[in-house]
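Open your viewer and get comfortable. We will take a short walk through one protein chain, stop by stop.

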Amino acid sequence: MSESSRSAVFHVITPTFRRSSVLRRFISALRKQSYPDWTGYVIHDGPNATFQQDYCGRPSPDARIHFSLTEKRTGDMGNSQRMQALHAAAAHAGPYDYCVLWDDDNYFFPHALASIAETLELTGFPDLLLVPLKVRGGVLPPPDKPVSNLDLGDVDAGCLVLRAACYDSIRQRLTEVEDCYLFEIEVFRAVRAGGGAVVSAYAMAPVGEYDGLHYPQVLVSRPRAQWFLYWRRVGKALEKIFVRGAAVGKA
């Protein structure tokens with residue numbers, strides 16, 4: 001427990017999928033966090049014998065880190081695992097319980113959680129704190145953009161520090177969103193739409209670095225993200241047309 005009733009307690013939520021070397025590096029960095037009050041949840045997307053043997057079938061390398069697998073693979077960029085862990089954290093959350101969404105291919109500095117805890121207290125414990133993360137060519141969220149103007153590509157999951165009690169409001173919104181690439185910005189929008197307090201810590205030093213080892217590295221910039229999603233939707237539309245045409249031809 002925290003030494004002070006007004007100290008943040010963190011739930012570090014990390015989805016993963018078949019990336020043992022990357023995950024080992026992430027776990028090593030997580031264990032080096034100087035802030036003591038945290039629990040880690042690493043959830044593999046679907047059954048995997050190697051993950052089961054290396055992590056679930058033996059004692060955890062750190063008692064604060066819990067490993068699990070989903071019953072089936074969803075392939076939605078870790079969103080189902082995040083929501084599963086958010087639900088678990090919200091079930092017994094206190095007013096100072098926060099969830100940080102740290103992907104396994106990002107690197108977070110040893111002082112990251114300590115800096116976030118200090119900033120939460122200085123900003124009055126908002127419902128959502130946006131913390132800076134180094135990316136190619138700059139920082140997310142963009143330091144020159146006010147919170148009201150943030151949009152797709154301006155926020156990475158590693159930037160989100162979410163009050164655990166906000167789970168219900170974001171769950172309702174995300175059930176209406178089909179595109180898994182919109183998770184981060186929709187979490188941001190859900191908290192704002194629900195009247196929650198959102199603070200962007202522009203003056204704060206970056207808490208980590210975005211490695212971009214997985215495919216959506218295009219989310220580094222909003223224009224590239226928008227073009228990516230546009231062509232992705234075009235591809236889906238063309239696929240439907242060809243599938244429908246093939247079905248008509250067979251008939």
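Here is the tour, starting with the whole chain and moving on to single side chains.

**The whole chain.** Keep in mind that this is a predicted model. Show it as a cartoon, and you can look for seven helices and 11 strands. The chain has 251 residues, and 48% of them are buried. Now switch on the surface: about 12600 Å² is exposed, with carbon and sulfur atoms supplying 54% of that area.

**The core.** Hide the surface and select Phe10, Leu86, Trp102, Leu113, Ile116, Leu120 and Val161. These are the residues with the most contacts inside the largest nonpolar core, which has 66 residues. Next, colour helix α6, residues 183–193: this helix gives the most to the core, with six residues.

**Around Ile116.** Centre the view on Ile116. Which residues is Ile116 in contact with, leaving aside its neighbours within four places in sequence? They are Phe10, Val100, Trp102, Leu129, Val131, Val161, Met204 and Val207.

**Aromatic rings.** The whole structure holds seven aromatic pairs. For one of them, select Phe51 and Phe67, which meet edge-to-face, with 6.1 Å from centre to centre and 65° between the planes. Phe51 belongs to helix α2 and Phe67 to strand β3, 16 residues apart in the chain. Are these two residues buried or exposed? Both Phe51 and Phe67 are buried. Add Tyr55 to your selection, and you will see the cluster that ring pairs make of Phe51, Tyr55 and Phe67.

**Charges over rings.** Finally, select Arg73 and Phe17: the charged end of Arg73 sits over the ring of Phe17, 3.8 Å from its centre. Then pick Arg82, which lies over the face of Phe183 at 5.1 Å from the ring centre.

Note on methods
Residues are numbered from 1 along each chain as its sequence is written. This is a predicted model: local features need pLDDT of at least 70, side-chain atom pairs count only at pLDDT 80 or more; totals for chains, interfaces and linings use all residues. Side-chain values use heavy atoms; hydrogens and water are left out. A nonpolar core is a set of buried Ala, Val, Leu, Ile, Met, Phe, Trp, Tyr and Cys residues joined through side-chain atoms within 4.5 Å. Buried means under 20% relative accessible area, exposed over 50%, partly exposed in between (1.4 Å probe, protein chains only). Helices (H or I, at least four residues) and strands (E, at least two) are DSSP runs, numbered from the N terminus. Contact means heavy atoms within 4.5 Å. Accessible areas come from the Shrake-Rupley method with a 1.4 Å probe; for residues, only the protein chains shown count as cover. Rings of Phe, Tyr and Trp (its six-membered ring) pair if their centres lie within 6.5 Å; planes under 30 degrees apart count as stacked, over 60 as edge-to-face and the rest as tilted. A charge sits over a ring if NZ of Lys or CZ of Arg is within 6 Å of the ring centre and within 35 degrees of the ring normal.
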